[in-house]
Amino acid sequence: MTADVNAWRKILAELGDSVVLVAVSKTKPIADILALYSEGQRDFGENYVQELVDKHSQLPADIRWHFIGHLQSNKVKVILPFVHLIHGVDSLRLLKEIDRLAAKTGRMAEVLLQVHVAREETKFGFDADELGQVMQTIEAAGDEYRHVRVRGLMGMASNTEDPAVVKAEFRTLKTLLDRWCPAGAILSMGMSGDYQLAVKEGSTMVRIGSLLFGKRG
């Protein structure tokens with residue numbers, strides 16, 4: 001299957017100018033990405049480091065690559081030279097490693113802190129108390145994190161058919177964003193099954209895969 005350009009246009013029209021659409025292209029072929037690229041899509045998301053590296057080497061240089069998977073510290077150096085935004089920073093140790101390697105490459109790394117609001121224990125991220133501690137640590141650290149910029153928060157809702165649960169989790173994320181991040185910060189929440197609700201609850205960036213590229217086998 002190639003990318004569904006009509007679905008892409010419909011979603012863009014829904015989102016308007018205030019919400020960024022990240023097309024989640026993990027496991028999808030180069031041709032599918034180029035189909036949306038040719039229409040003007042520039043933000044693409046990948047979950048796996050090696051797949052991201054391979055696609056980056058084969059695709060246009062003006063693509064803004066988002067790493068949205070669980071990132072191991074020993075893989076940071078592989079993607080840091082070109083990645084646009086790292087969504088899933090879920091430990092202070094990882095943040096420190098990103099800062100250290102960004103300093104060596106002479107660039108500013110842009111990241112989102114991942115917050116765990118879902119019921120599933122398999123999802124990564126800080127809880128509300130941990131997030132507060134991390135933000136206070138960064139604020140008190142002075143120049144220690146001068147090569148990494150926390151642009152906002154990212155989270156995933158529970159995998160449930162109950163919209164009340166999803167809405168409450170998204171609302172929690174928005175409350176935490178307002179508490180710890182400046183005005184204009186990024187809130188990356190919402191995927192193919194719940195992006196409309198996420199936008200209503202304040203999302204400024206949605207990560208959509210299956211609606212654009214079809215279900216993954």
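## Exercises on a predicted model

In strand S8, Arg 207 is the bridge partner of Val 22. The structure is a predicted model, and the exercises below examine its strands, loops and overall form.

### Exercise 1. Strand S1 and its neighbours

Determine how strand S1 is joined to S8 and to S2, and whether the residues of S1 are mostly covered or not.

*Solution.*

Step 1. Begin with S8. Strand S1, residues 20-24, is joined to S8 by four bridges, and the two strands run parallel. Val 206 in S8 is the bridge partner of Leu 21, while Arg 207 is the partner of Val 22.

Step 2. Turn to S2, which comprises residues 43-46. Two bridges join S1 to S2, again in a parallel arrangement. Here Val 24 stands opposite Gly 45.

Step 3. Consider the cover of S1. Four of its five residues are buried, and the strand is thus mostly covered.

### Exercise 2. The two directions of strand S8

State which residues of S8 point one way and which the other way, and whether they are buried or exposed.

*Solution.*

Step 1. Strand S8 consists of residues 205-208. Met 205 and Arg 207 point one way from it, whereas Val 206 and Ile 208 point the other way.

Step 2. All of these residues are buried.

Step 3. Combine this with the pairing. Val 206, the partner of Leu 21, and Arg 207, the partner of Val 22, point in opposite directions from the strand.

### Exercise 3. From Thr 27 to helix H2

Locate Thr 27, classify its exposure, and then identify what the buried residues of H2 pack against.

*Solution.*

Step 1. Thr 27 is found in the loop between S1 and helix H2, which covers residues 30-37. Its phi is near 70 degrees, a positive value in a residue other than glycine.

Step 2. A residue is partly exposed when its relative accessible area falls between the limits of 20% and 50%. The relative accessible area of Thr 27 is 47%, so Thr 27 is partly exposed.

Step 3. In H2, the buried residues are Asp 32, Ile 33, Ala 35, Leu 36 and Tyr 37. The buried residues of this helix pack against helices H1, H3 and H9 and against strands S1, S2 and S3.

### Exercise 4. Two exposed residues

Classify Asn 74 and Ala 140 as buried or exposed, and give the C-alpha separation of each from its stated counterpart, Leu 94 and Leu 85 respectively.

*Solution.*

Step 1. Asn 74 lies in the loop between strand S3 (64-67) and helix H4 (76-79). Because its relative accessibility is 54%, Asn 74 counts as exposed.

Step 2. Asn 74 and Leu 94 are 20 residues apart along the chain, and their C-alpha atoms are separated by 9.3 Å.

Step 3. Ala 140 belongs to helix H6, residues 128-140. Its relative accessibility is 68%, so Ala 140 also counts as exposed.

Step 4. Ala 140 and Leu 85 are 55 residues apart along the chain, and 24 Å separates their C-alpha atoms.

### Exercise 5. The chain as a whole

Explain why the chain is described as being as compact as a globular protein of its length.

*Solution.*

Step 1. The chain has nine helices and eight strands.

Step 2. Its radius of gyration is 17 Å, close to the 17 Å that the globule rule gives for 217 residues; the chain is therefore as compact as a globular protein of that length.

Step 3. Further values complete the description. The C-alpha trace spans about 50 × 40 × 30 Å along its principal axes, and 51% of the 217 residues count as buried.

Methods: Residues numbered from 1 in each chain as written. Predicted model: local features only at pLDDT ≥ 70, side-chain atom pairs only at ≥ 80, totals over all residues. Heavy atoms only, no water. Buried < 20%, exposed > 50% of the residue type's maximum accessible area, 1.4 Å probe, protein only. Pairing = 2+ DSSP bridges. Rg over C-alpha atoms; globule rule 2.2 N^0.38 Å. Contact = heavy atoms within 4.5 Å.
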